[in-house]
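Please read the following points with the sequence and the structure side by side, and look up each residue as it is named. The note goes through them one topic at a time.

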Amino acid sequence: MKTADRLNSVKEYYFSKKLREIEELKKQGIEVVNAGIGSPDLAPHNSVIQELHQQSKKEGAHKYQSYKGIPELRSAFSLWYKKYFNCNLNPESEILPLMGSKEGIMHISLAFLNKSDEVLIPDPGYPTYAAAARMAEANVLKYDLKEDNNWLPCLSSIEKNNLEKVKIMWVNYPHMPTGSTANDKDLIDIVKFGKKHNILICNDNPYAFILNKDQKSILQFRNESAEILELNSLSKSHNMAGWRIGMLAGNRNLIDSVLNVKSNMDSGMFFAVQKAAVKALSLDEKWYSSINEIYNKRRSLVWKIMDVLNAKYDKNAKGMFVWAKINTNNSLEFTDNILNKHAVFITPGDIFGENGVGYIRMSLCCDELILKEILKRIIK
Ligand SMILES: Cc1ncc(COP(=O)(O)O)c(C=O)c1O
């Protein structure tokens, strides 16, 4: 059967292909260590797991659930945003729980993009923004993020393009893969830029709590423009990546448009998962410090590995990865060599865009024993 034309514009996700390759090596008896993927290996808080268990025994727990989530979950997200991001969000109309933020990227794209519209996408950046735009038959307009500009968009150079067809601009601070952050002024400038050019600004914010003490939301600047959305997620902040819990926040009309898409695509999130998410969102600051203590120790080991690889990194970077510059432009060959020689998988920066060429990314989702093993293999 001939596939739809839209599939010609998207490739299989790099990690999906690479994991197959790693599985092949494992079948040959090679013990590959995977330091490439940002899937938290730590468990959620025990009370969250218990809540899932308890709630799954409740009457009605196994029925379809509301498309916009149970009211307690929307309230819990609203309180979380008030407490940590200093944002007031109406739980009734300005929050939409999602099954992870990745689906939100697709839903937003389907809700706002027509064929041939354009989307501004960060380079380097999370590959899903471009894939979702292309699946919605829109055109991708990459904008450069460069190390010498702290991986922030240079709005005056973006403005040199004809922006008439641009509908959405994706931003993601703290930024994946570089770990850079945007301060208030940076975010306000981005919001004003969106308003000036009639572009919907979408900030994807799943790394706000990882090795970062200063949570920021673009929704803090809603007074500057109504056309902003923010995605967030419990995948990284609460070690719940496989549970698929995220959220979208913004003005009612934007949320309603996304709900229009979403309600035609799924039939609500499992009740017990929603109740467990409420529990997770109510954890206090100790939860975040406990995971960050672990990531901090791991990061020191990753820095040592990077030193051995002669790769340069920024010690102030936030998030779940260490992003480092290597002294060759062929990061794909560099990481393949490490895989073939040392059976260690590290992500080449290229997969995040042209500006990722010459960089590598290591994940902090490996325990210290694994990182010490990587260090040993690489030194050898
Ligand atoms: C920048 C970014 N956005 C979104 C996601 C997806 O997260 P979720 O698990 O909430 O779908 C990821 C996952 O790695 C990510 O790195």
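1. Pro174 is found in the loop that runs between strand S5 and helix H7 (184-197), and in this predicted model the peptide bond that joins Tyr173 to Pro174 is cis, with an omega of about -5°. The loop between S5 and H7 is also the place of Pro177, and a cis peptide bond, here with an omega of about 15°, joins Met176 and Pro177. These bonds deserve a careful look, because most peptide bonds are trans.

2. Val171 belongs to strand S5 (residues 166-171). Is Val171 buried or exposed? Val171 has a relative accessible area of 0%, and therefore counts as buried. If its neighbours within four places in sequence are left aside, the residues in contact with Val171 are Tyr143, Ile190, Ile201, Cys202, Asn203, Asp204 and Ile218. Val171 also shows how the fold brings together parts of the sequence, since Ile121 is 50 residues away along the chain while the two C-alpha atoms are 7.5 Å apart in space.

3. Two residues should be checked for their backbone angles, because most residues other than glycine have a negative phi. Ser116, which is not a glycine, has a positive phi of about 75°; Ser116 sits in the loop between helix H4 (101-112) and strand S3 (118-123) and is partly exposed, with a relative accessible area of 33%. Leu211, also not a glycine, has a positive phi of about 50°; the place of Leu211 is the loop between strand S6 (200-204) and strand S7 (228-233), and with a relative accessibility of 13% Leu211 counts as buried.

4. How many disulfides does the model contain? The count comes to zero. For Cys87 the reason can be followed step by step: a disulfide needs two cysteine sulfur atoms within 2.5 Å, but the closest cysteine sulfur to that of Cys87 belongs to Cys202 and is 15 Å away, which is too far for a bond. Cys87 is buried, with a relative accessible area of 2%, whereas Cys154 is partly exposed, with a relative accessible area of 32%.

5. The aromatic rings come next, and the count of aromatic pairs is 18. One of them is formed by Tyr81 and Phe85, whose rings are stacked, with 4.3 Å from centre to centre and 20° between the planes. Tyr81 and Phe85 are four residues apart in helix H3 (residues 71-85), so about one helical turn separates them, and both of these residues are buried.

6. Trp323 and Phe352 make another aromatic pair, which is edge-to-face because the ring centres are 6.1 Å apart and the planes stand at 70°. This pair links distant parts of the chain, as Trp323 lies in strand S10 (residues 321-325) and Phe352 lies 29 residues away, in the loop between strand S12 (347-348) and strand S13. Trp323 is buried, with a relative accessible area of 7%, and Phe352 is buried too, with a relative accessible area of 3%.

7. Which residues form one aromatic cluster? The members are Phe77, Trp80, Tyr81, Tyr84, Phe85, Phe209 and Tyr288, so that the stacked residues Tyr81 and Phe85 should be viewed together with the other members of this cluster.

8. Helix H13 (residues 368-379) has twelve residues, which at 1.5 Å a residue should span 16 Å, and this agrees with the 16 Å between its end C-alpha atoms. The buried residues of H13 are Leu371, Ile374, Leu375, Arg377 and Ile378. These buried residues cover an arc of only 165° around the axis, and therefore they lie on the same side of H13. On the other side of H13, the residues Leu369, Lys376 and Ile379 are exposed.

9. What covers the buried residues of H13? The cover includes strand S1 (33-34), helix H11 (285-308), helix H12 (331-342), strand S11 (344-345) and strand S13 (359-363). At the N-terminal end of H13, Asp367 acts as a cap, with one of its side-chain oxygens lying 3.0 Å from the backbone nitrogen of Leu369.

Notes: Residues are numbered from 1 along each chain as its sequence is written. This is a predicted model: local features need pLDDT of at least 70, side-chain atom pairs count only at pLDDT 80 or more; totals for chains, interfaces and linings use all residues. Side-chain values use heavy atoms; hydrogens and water are left out. Buried means under 20% relative accessible area, exposed over 50%, partly exposed in between (1.4 Å probe, protein chains only). Helices (H or I, at least four residues) and strands (E, at least two) are DSSP runs, numbered from the N terminus. The expected span of a helix is 1.5 Å times one less than its number of residues. The arc is that of the directions from the helix axis to the C-beta atoms. Contact means heavy atoms within 4.5 Å. A polar contact is a pair of N or O atoms within 3.5 Å; within protein, one must be able to donate a hydrogen and the other to accept it, and residues adjacent in sequence count only if both atoms are side-chain atoms. Rings of Phe, Tyr and Trp (its six-membered ring) pair if their centres lie within 6.5 Å; planes under 30 degrees apart count as stacked, over 60 as edge-to-face and the rest as tilted.
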